[in-house]
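Me: I am new to this structure. Please take a close look at its largest pocket for me. What lines it, and which elements contribute?

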Amino acid sequence: MILIKKIFCTISLMLIFSAISAVQLQAQTAHEFFMLGNNAYKSGDYKKAVECYESAIEQKFDSAELHYNLANALSKLDKKGEALLNYKRAIFNSPRMREAVANLQMFAKDNSLDDGFGNFATPLIAELSDTEWTTIAFIAFWGAVLMFFIPPLFARRTTATTFIVILFVAIFAVSVFSISNWKAYENSAVSIKQDVPLRLSPTPDAPISSIIAEGQTASIEARHGDYIYVETQNGKRGWSSIKDFIPIVQ
């Protein structure tokens, strides 16, 4: 009986150790794929680099550097749509990543594609992320509220407090406008295949209204299951599978 208990305890400990090791391995695997992708890229094996980077993404590893490196590898393989998509994702994750901005602009110019910066009224808006602008808007809103209501309670309304209220309101307005610019950037998709069909309804057998070339960007107007209704810059509209027209932010 004692021997059976010892065997049972040993097996239990082995199973627990195996489970912990599996979790640790899974946590490390994504980073390992990322590093393997970097090594493959440096050696000129761009196909292998793409496979490794995509494996890292499948394991929920997400960073601006990952998407940037993946975009560089895809551009070497002449996969314009996927490269453009990942450049844009890199900038969405880290808008002040200078090398990503420079490569995106150069890549888009060389391939006559939209770099996405047209969504911003001024380049200064793209210096801060959507999250950062949201934080600023939150602070400015409550700053304006507090400075508007609290001083009168103590009979201390002055020109300075009025100016501060106006300043907070102005910052809030700029922040909201900037957030709307980022939403337009986020709410877009890129065609990653040659001759992507736009259909009249969100079904695979629906009539085709137009054909979109690889690497084209379109705004997302509606969603239905695995389909999105998009509109391109030249006015073409229709439903497309998200496997063909992939949203920048999923």
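Reply: Here is a walk through that pocket, with a brief look at the second largest one afterwards.

The model is predicted. Start with the space itself. The largest pocket holds about 440 Å³. Its lining is made of 20 residues. Five of them lie nearest the centre: Ile57, His67, Asn86, Arg89 and Gln250. Find these five in the view and you have found the middle of the pocket.

Next, the elements. Helix 2 (46-58), helix 3 (64-76) and helix 4 (80-93) are the ones that give two or more residues to this lining. Helix 4 provides the largest share, with six residues.

Now the chemistry of the wall. Ten of the lining residues are nonpolar. Six are charged, and four are polar.

The second largest pocket makes a useful companion. Its volume is about 150 Å³. Its lining has 13 residues. Nearest its centre lie Asp114, Asn119, Thr217, Ser219 and Gln233. Here strands come into play. Strand 4 (217-224) and strand 5 (227-232) each supply at least two lining residues. Strand 4 gives the largest share, three residues. By class, nine residues of this lining are polar, two are nonpolar and two are charged.

To return to your question: helix 2, helix 3 and helix 4 each give two or more residues to the wall of the largest pocket, and helix 4 leads with six.

How values were computed:
Residues numbered from 1 in each chain as written. Predicted model: local features only at pLDDT ≥ 70, side-chain atom pairs only at ≥ 80, totals over all residues. Heavy atoms only, no water. 1 Å grid on protein atoms, 1.4 Å probe; cavity = no way out; pocket = protein on both sides within 12 Å on 5 of 7 lines; lining within 4 Å. Points joined across faces, edges and corners; volume = space filled by probe spheres on them. Helix = DSSP H or I, 4+ residues; strand = E, 2+ residues; numbered from the N terminus. Nonpolar A, V, L, I, M, F, W, Y, C, P; charged D, E, K, R; others polar.
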